[in-house]
There are 2 protein chains.
Amino acid sequence: MPEHIHAASKTKWDVVIIGAGSAGLTAAVYTCRKKLSTLILSVDVGGQTILTNHIENYPGFFKETPGYPSGPKLMQIFEEQAKHFGAEIIMGKVTKVEVVNESPTPENPYKFVLELSNGERYEARVVLLAYGKVPRELGIPGEKKFIGRGVSTCATCDAPLFRNKNVAVIGGGNSAVEAAELLTKFASKVYLVHRRDQFRADEITMDKVKASPKVELVLNSMPAEIKGDKFVSGLVVQNVNTQETRELPVHGVFVEIGYIVVTDFVKDYVEVNKANEIVVNENCETRTPGLFSAGDLTNIPFKQTITSAGQGAIAGLSAYNYLMRLQGKAGIKADWA
Amino acid sequence: MPEHIHAASKTKWDVVIIGAGSAGLTAAVYTCRKKLSTLILSVDVGGQTILTNHIENYPGFFKETPGYPSGPKLMQIFEEQAKHFGAEIIMGKVTKVEVVNESPTPENPYKFVLELSNGERYEARVVLLAYGKVPRELGIPGEKKFIGRGVSTCATCDAPLFRNKNVAVIGGGNSAVEAAELLTKFASKVYLVHRRDQFRADEITMDKVKASPKVELVLNSMPAEIKGDKFVSGLVVQNVNTQETRELPVHGVFVEIGYIVVTDFVKDYVEVNKANEIVVNENCETRTPGLFSAGDLTNIPFKQTITSAGQGAIAGLSAYNYLMRLQGKAGIKADWA
């Protein structure tokens with residue numbers, strides 16, 4: 001392994017977790033409290049939750065709580081908590097996960113090898129996949145060209161750049177509607193473009209957006225092209241019923257149409273569903289013993305900070321039980337009894 | 001319905017949740033945010049979590065967090081959060097849940113009737129079972145006689161009563177070991193009685209208990225009888241290998257041997273597993289449409305504040321989707337997309 005300033009303190013770990021969002025960090029709290037050495041490899045810390053400015057539906061934190069934190073602050077506490085119990089977190093992109101030892105023994109317990117894009121390699125008795133999803137692309141002309149020059153997938157990050165400008169938000173779920181709400185605080189006008197005529201967002205958020213005089217709903221409409229010179233100057237949309245097109249005069253286009261799971265580097269070891277999500281059972285086990293998964297990238301039915309954290313705890317405890325069973329020990333019972 | 005000072009503000013509700021622990025209160029946050037009228041009926045508020053003085057494994061709260069709360073404080077925030085979004089909480093014991101309307105319609109949408117022990121009745125479109133478990137009994141002579149007079153199932157509540165006295169804790173899981181640890185702060189001696197020779201508790205807690213000179217481990221031993229006059233004066237234990245008996249000179253006996261689920265009042269509507277836990281699928285649905293369940297009383301593999309809260313969110317969102325489907329609407333998609 002080449003010397004590297006960000007390398008972990010050692011190469012062999014009981015548990016390597018890929019991803020440092022609510023699922024991965026919670027799993028680490030649980031494995032560390034079971035005294036399993038735990039390394040987290042991730043391209044960022046905080047996952048999807050850090051994109052939420054006002055988190056009100058994570059139980060224990062809401063706006064009437066003293067010290068009520070934003071999404072980033074909440075995730076900072078998650079991170080501190082995982083580190084407090086001994087987890088090590090290394091920034092890096094995992095490009096390979098391989099089973100190198102089909103029958104781990106006490107003498108040779110490391111079943112998995114992981115490789116980062118910088119060439120670093122780690123060995124692990126257990127691997128826990130918790131790296132979430134990445135934003136889905138529109139796939140229309142101009143999208144790639146103007147990314148970072150008007151096209152954004154992160155309203156929380158980029159909204160302040162569009163003060164007194166016109167913007168469009170594309171999508172119909174909570175992220176789109178929350179992005180629109182946030183953008184009303186900066187932009188002079190917000191077009192909310194949705195291919196249907198009904199939104200899937202929480203009524204409570206939808207009401208706020210509908211009440212804003214800055215918001216114009218552009219319903220039954222698909223984006224067709226993003227126009228501009230050096231920066232975005234317009235978004236062409238097409239009505240799905242009339243086929244009529246219209247160019248919205250905007251400097252910003254926020255793409256909030258969902259997320260996809262990248263599974264190519266683990267495809268030999270996991271089963272996926274139609275949405276390419278990693279299929280896990282109620283113990284967060286994949287089809288490969290020793291390989292667990294938790295959070296948004298799994299087939300869990302709803303994607304929330306609290307549901308991912310709950311699944312992370314299950315994955316961490318299941319991983320512990322798996323390692324105990326390998327040693328012929330009973331592990332913990334399911335119950336707190 | 002008789003006039004009753006504690007009755008809810010109305011009798012017909014979109015959602016009635018039985019139980020106000022982490023699962024029930026989280027479910028309420030989610031149903032209220034979907035603008036479903038939500039009533040919680042419960043014999044207490046806070047569930048199992050309020051028995052934990054030092055909660056370190058609920059993500060977002062641990063001892064290095066500013067304002068780090070105890071279990072009761074955390075549950076108070078959960079309660080405030082549910083009420084903030086509109087949930088009503090009524091103290092009462094539900095004795096009957098009945099399906100009175102097999103085919104709910106917009107004109108007659110109330111499928112369920114619930115009855116409390118005081119005779120109050122409520123109608124609900126959805127019922128969500130989240131009332132947890134109750135402590136398992138030892139079933140030995142003296143146990144019932146001395147309950148409240150030396151026998152306790154709640155170390156958090158009763159530990160301070162045993163200052164400078166000898167006590168016994170019975171059990172081998174986290175609750176037993178945590179009870180023993182807490183009791184070392186008050187009692188002069190703590191016998192930790194376990195029928196096996198290995199504990200299922202977290203190593204981190206076990207280490208603390210083993211390090212205390214006040215603790216004596218009484219392994220491979222079953223409690224046989226609780227002795228005393230007006231109050232407990234001794235606990236007879238029997239070694240499971242040698243059959244030898246021994247009387248521990250204690251004034252307190254803390255029974256921490258697990259919990260059972262009461263399902264008699266819903267048995268016609270749910271399936272249970274061998275542990276008498278309510279079987280739910282990944283959407284927290286029971287076998288009766290409109291009847292959901294979440295938390296410790298379900299077949300969820302691990303019983304933690306965070307796992308129950310995660311399941312509560314799923315149950316709340318599933319309940320919303322069920323009601324949307326009844327109205328021919330799409331509901332929310334699984335994803336945050």
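Me: How many salt bridges does the count come to over all chains?
Reply: This is a predicted model. A pair counts when a side-chain nitrogen of Lys or Arg is within 4 Å of a carboxyl oxygen of Asp or Glu. Over all chains, the count by this rule is 32 salt bridges.

Me: Which residue of chain A meets E56(B) in a salt bridge?
Reply: E56(B) lies in the loop between β2 (38-42) and α2 (71-84) of chain B, and its partner sits in helix α1 (residues 22-33) of chain A, so the pair joins two chains. Both side chains are buried. N to O, the distance is 2.8 Å. The partner is R33(A).

Me: Which residues are linked with R33(A) and E56(B) in a network of salt bridges?
Reply: The pair E56(B) and R33(A) does not stand alone, as a network of salt bridges includes both. The other members come from chain A and chain B. They are K34(A), K63(B) and D202(B).

Me: How far apart are the closest N and O atoms of E56(A) and R33(B)?
Reply: E56(A) and R33(B) form a salt bridge. The cut-off for such a pair is 4 Å. The closest N and O atoms of E56(A) and R33(B) are apart by 2.7 Å.

Me: Where does D202(A), which forms a salt bridge with R33(B), lie?
Reply: The closest N and O atoms of D202(A) and R33(B) are 3.8 Å apart. R33(B) is in helix α1 (residues 22-33) of chain B and D202(A) is in a loop of chain A, so the pair joins two chains. D202(A) and R33(B) are buried. The place of D202(A) is the loop between β10 (189-193) and α5 (203-211) of chain A.

Me: What is the area buried between chain B and chain A?
Reply: The contact takes 63 residues from chain B and 63 residues from chain A. Between the two chains the count is 8 salt bridges. Carbon and sulfur atoms give 59% of the buried area. That area is about 5900 Å².

Me: How many residues apart are E285(B) and R325(B), whose side chains meet in a salt bridge?
Reply: The N to O distance of E285(B) and R325(B) is 3.9 Å. E285(B) is in the loop between β16 and β17 (291-293) of chain B, R325(B) is in helix α6 (residues 305-326) of chain B, and the pair links distant parts of the chain. E285(B) is partly exposed at 25% relative accessible area, and R325(B) is partly exposed at 47%. In sequence, the separation is 40 residues.

Me: Why is strand β6 (residues 121-129) of chain A largely enclosed by the rest of the structure?
Reply: A residue counts as buried under 20% relative accessible area. β6(A) has 9 residues, and most of its length meets that mark, so the strand is largely enclosed. The number of buried residues is 7.

Me: Which strands does β6(A) join through bridges?
Reply: With 6 bridges, β1 (residues 12-18) runs parallel to β6(A), and W13(A) stands opposite A124(A). With 4 bridges, β5 (residues 112-116) runs antiparallel to β6(A), and L114(A) has Y122(A) as bridge partner. With 3 bridges, β17 (residues 291-293) runs parallel to β6(A), and L128(A) has F292(A) as bridge partner. The strands are β1(A), β5(A) and β17(A).

Me: Which residue takes a positive phi in the hairpin of β5(A) and β6(A)?
Reply: The hairpin has 4 residues between the strands. The phi in question is near 95°. The residue is G119(A).

Me: What are the edge strands of the open sheet of 5 strands in chain B?
Reply: The order is β8-β15-β9-β10-β11, with parallel pairing. An edge strand pairs on one side only. β8(B) has 2 bridges to β15(B), where V151(B) stands opposite V253(B). The edge strands are β8 (151-152) and β11 (215-218) of chain B.

Me: What covers the buried residues of helix α4 (residues 174-183) of chain B?
Reply: In α4(B), 9 of the 10 residues are buried, so the helix is largely enclosed by the rest of the structure. Among the buried residues are V177(B), L182(B) and L183(B). The cover includes α3 (155-158), β9 (166-170), β10 (189-193), α5 (203-211) and β15 (252-255) of chain B.

Methods
Residues are numbered from 1 along each chain as its sequence is written. Chains are lettered from A and ligands numbered from 1 in the order in which they are written. This is a predicted model: local features need pLDDT of at least 70, side-chain atom pairs count only at pLDDT 80 or more; totals for chains, interfaces and linings use all residues. Side-chain values use heavy atoms; hydrogens and water are left out. Buried means under 20% relative accessible area, exposed over 50%, partly exposed in between (1.4 Å probe, protein chains only). Two strands pair if DSSP finds at least two bridges between them. Contact means heavy atoms within 4.5 Å. Buried area is the accessible area (1.4 Å probe) that two parts lose on being put together, summed over both.
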